[in-house]
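This briefing introduces a structure to a reader who has not met it before. Please consult the sequence and the structure shown below before reading the points that follow.

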Amino acid sequence: MVDIGGVRLSGRMICATKAEADAVRQHLDAHIERTRAEPGCLLFEITPLGGGHAWSVEELWTDAPTFREHQRRAADSEWGRATAGIERRYRVEGLTPED
C-alpha cells in the first residue's frame, strides 16, 4: 500500500441480530451524510455485504485530530447510541501513541 499520510480505518461491522441490522439501516444514511461533511474526511464508505447483517467500512482522514474528533462526535450521536453494541472489526493505520 502506498503511504498517503493521514489516518485510515478499514474493516467490518457485524450485526448479531436482525434488530442490530435494522438499527444500522435506520441510521446509516444520516451518519454517512454527517461524516462526509466533517472537516478532514477524505473518504467514508460503508457498503453492505451479502446476507444483510454485515458492512464493509473504509475511512480516510487528513490527520489524527480530525479522526479523533470524528470518533468523539459519532459516539455521541444518535448513530453511536443506536449501534453501540454492534461488533466492529476495524484496523486503524496512521496513529502514533501520542495521538
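In this predicted model, Glu-45 stands opposite Glu-58 of β3. The strands β2 and β3 pair in the antiparallel sense, over seven bridges. The points below treat the turn, the core and the helix α1.

**The hairpin**
- Five residues lie between β2 and β3, which together form a hairpin.
- Gly-51, located in the turn, has a positive phi of about 95°.

**The nonpolar core**
- The largest nonpolar core has 18 residues, and Met-13, Cys-15, Val-24, Leu-28, Ile-46 and Trp-55 are those with the most contacts inside it.
- Two or more residues of this core come from each of β1 (7-14), α1 (18-36), β2 (41-48), β3 (54-61) and α2 (64-75).
- The most is given by α1, with four residues.
- Apart from neighbours within four places in sequence, Val-24 is in contact with Met-13, Cys-15, Trp-55, Trp-79, Thr-83 and Ile-86.

**The helix α1**
- The 19 residues of α1 should span 27 Å at 1.5 Å a residue, and this agrees with its end C-alpha atoms, which are 27 Å apart.
- A kink of about 45° occurs in α1 and is centred on Leu-28.
- Leu-28 is also buried, as are Ala-21, Ala-23, Val-24, His-27, His-31, Ile-32 and Thr-35 of α1.
- The cover over the buried residues of α1 includes β1, β2, β3, α2 and α3 (78-83).

Notes. Residues are numbered from 1 along each chain as its sequence is written. This is a predicted model: local features need pLDDT of at least 70, side-chain atom pairs count only at pLDDT 80 or more; totals for chains, interfaces and linings use all residues. Side-chain values use heavy atoms; hydrogens and water are left out. A nonpolar core is a set of buried Ala, Val, Leu, Ile, Met, Phe, Trp, Tyr and Cys residues joined through side-chain atoms within 4.5 Å. Buried means under 20% relative accessible area, exposed over 50%, partly exposed in between (1.4 Å probe, protein chains only). Contact means heavy atoms within 4.5 Å. The expected span of a helix is 1.5 Å times one less than its number of residues. The bend at a residue is the angle between axes fitted to the seven residues ending there and the seven starting there. Two strands pair if DSSP finds at least two bridges between them.
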